[in-house]
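Here is a relaxed walk through the structure shown below. Keep it open in a viewer as you read, and turn it around as each part comes up.

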Amino acid sequence: MSDRTVRVRLFGGFRKYGDGREIELVLAPGARVKEVRHALGQRLAELHPDFADRQLLADSAFASATQMLGEDAGVEPGMVLAVLPPVCGG
Amino acid sequence: MANRAEMTDKARGPETAGGAGMAGNAEGIEVAVVESAIDPTRTLARVTDPGHGAETLFLGVVREHNLGRKVLGVSYDAFAPLAETVLREICKEARARWGESLKFAVTHRTGRLDVGEISVAIAVGSRHRDEAYQASRYVIEELKIRAPIWKKEHYEDGESEWLKGHALCSHGERAHAREKNA
């Protein structure tokens with residue numbers, strides 16, 4: 001695992017990708033959430049040539065275990081994020 | 001913000017799902033995302049207070065049809081740690097609005113549920129009925145658009161589908177949007 005690796009936990013409509021739990025991404029130094037979003041789309045397309053959920057990715061938010069993260073939030077190596085599709089609990 | 005700690009999306013098992021062994025609801029807000037069946041009487045018991053004259057209990061249950069399709073069951077997915085944080089925030093907002101004496105207990109289920117099973121239980125205790133009804137309604141409406149919880153319906157024809165929902169945004173963006181809409 002690269003020292004620039006982050007992990008993105010998968011939920012809802014993203015569960016069908018990868019192992020259904022998380023995707024590892026290698027990011028450039030100084031990456032922010034917006035770069036995570038871009039890298040995740042690229043990685044999902046590599047893993048799944050028929051990946052067709054770019055709109056779902058665009059509509060999704062990112063978070064840590066404790067809070068939502070804005071597009072410009074910094075991402076540090078080793079960080080664990082979650083990609084959160086539009087919600088519909090209850 | 002760095003977050004190097006291991007995160008788990010694991011919902012709580014029955015041993016902590018509002019069981020009799022839990023500590024009292026002294027803070028007045030108790031939330032849980034659980035894997036096991038919800039016992040609504042236990043959820044309701046969490047808001048009991050001798051100073052209260054009203055207790056409401058809202059139950060969300062799995063419906064057998066949606067948009068003209070026969071539904072056999074629903075699978076709920078949740079990012080449990082953040083969902084519990086959000087549920088607690090929602091309850092705090094309701095308490096600030098309808099009274100600091102209000103008590104809340106919110107339990108949301110994950111995993112595969114059959115038709116008729118309880119997906120969410122919301123209990124509110126208050127001095128009088130009006131604030132309990134209003135606070136309960138506030139909690140379920142906010143839960144639906146803010147808590148990181150998702151549902152996948154399973155249909156009679158063998159297909160399954162994640163339901164479309166409400167897009168989340170960061171707290172800052174949400175606050176900004178509220179100010180604009182005020």
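In this predicted model, the buried residues of α2(B) are covered by elements of two chains: β3 (61–63) of chain A is part of the cover, along with β1 (29–34), β4 (69–78), β5 (103–109), α3 and β8 (149–155) of chain B. Which residues of α2(B) are buried? They are A80(B), P81(B), L82(B), A83(B), E84(B), V86(B), L87(B), I90(B), C91(B), A94(B), R95(B) and W98(B).

The helix itself has 19 residues, and from its first C-alpha to its last it reaches 27 Å, close to the 27 Å expected at 1.5 Å a residue. Just after α2(B) comes G99(B), with a positive phi near 135°.

Now look at the partner helix. Helix α2 (residues 80–98) of chain B packs against helix α3 (residues 129–146) of chain B at an angle of about 150°, and their axes are 9 Å apart. Their crossing is right-handed. On the α2(B) side, the residues that meet α3(B) are V86(B), L87(B), I90(B), C91(B), A94(B) and W98(B). Facing them from α3(B) are E131(B), Q134(B), A135(B), Y138(B), V139(B), E142(B), L143(B) and R146(B). Sorted by type, the residues of this contact are 10 nonpolar, one polar and three charged.

Both helices also touch a sheet. That sheet is open and made of four strands of chain B in the order β1-β5-β7-β2, with mixed pairing. Its edge strands are β1 and β2 (54–61) of chain B, each pairing on one side only. From one strand to the next, the twist averages 5°. Within the sheet, β5(B) pairs with strand β7 (residues 118–126) of chain B in the antiparallel sense, over six bridges. If you want one pair to find on screen, V106(B) stands opposite I122(B) in β7(B).

So where does α2(B) lie? It lies across β1 and β5 of chain B, running at about 150° to β1(B). α3(B) packs on the sheet too, touching β2, β5 and β7 of chain B, and its direction makes about 145° with that of β7(B).

Step back to chain B as a whole. It has four helices and nine strands, and from the N terminus on they run β-α-β-β-β-α-β-β-β-α-β-β-α. Of its 182 residues, 37% count as buried. Among the contacts in chain B with a separation of 6 or more, 72% come from residues 24 or more positions apart.

Next, the place where the chains meet. Chain A puts 28 residues into the contact and chain B puts in 36 residues. On the chain A side, the elements giving two or more residues are β3, β4 (68–69) and β5 (80–84) of chain A. β5(A) gives the most, with three residues. By type, the chain A side divides into 15 nonpolar, nine polar and four charged residues.

Why is β5(A) largely enclosed by the rest of the structure? Because four of its five residues are buried. β5(A) also has strand partners in its own chain, and the table lists two of them together with one facing pair for each.

| Partner of β5(A) | Bridges | Direction | Facing pair |
|---|---|---|---|
| β1 (residues 5–9) of chain A | three | parallel | V8(A) and L81(A) |
| β3(A) | three | antiparallel | F62(A) and V83(A) |

To finish, here are two loop residues. L67(B) lies in the loop between β3 (65–66) and β4 of chain B. Its phi is near 50°, a positive value in a residue other than glycine. Most residues other than glycine have a negative phi. Is L67(B) buried or exposed? L67(B) is exposed, because just 7 other C-beta atoms lie within 10 Å, and the cut-off for exposed is 12 or fewer.

Over in chain A, P29(A) sits in the loop between β2 (22–26) and α1 (33–47). P29(A) counts as exposed, with 7 C-beta neighbours inside 10 Å. In sequence, P29(A) and E76(A) are 47 residues apart, while in space they are 8.2 Å apart, C-alpha to C-alpha.

Notes: Residues are numbered from 1 along each chain as its sequence is written. Chains are lettered from A and ligands numbered from 1 in the order in which they are written. This is a predicted model: local features need pLDDT of at least 70, side-chain atom pairs count only at pLDDT 80 or more; totals for chains, interfaces and linings use all residues. Axes are lines fitted to C-alpha atoms, for helices over the stretch in contact, and angles run from 0 to 180 degrees between N-to-C directions. A crossing is left-handed if the near helix is turned anticlockwise from the far one by less than a right angle, and right-handed if clockwise. Two residues are in contact if their C-beta atoms, placed from the backbone, lie within 7 Å. Ala, Val, Leu, Ile, Met, Phe, Trp, Tyr, Cys and Pro count as nonpolar, Asp, Glu, Lys and Arg as charged, and the others, Gly among them, as polar. The expected span of a helix is 1.5 Å times one less than its number of residues. A residue is buried if 20 or more other C-beta atoms lie within 10 Å of its own, exposed if 12 or fewer, and partly exposed in between; C-beta atoms are placed from the backbone. Two strands pair if DSSP finds at least two bridges between them.
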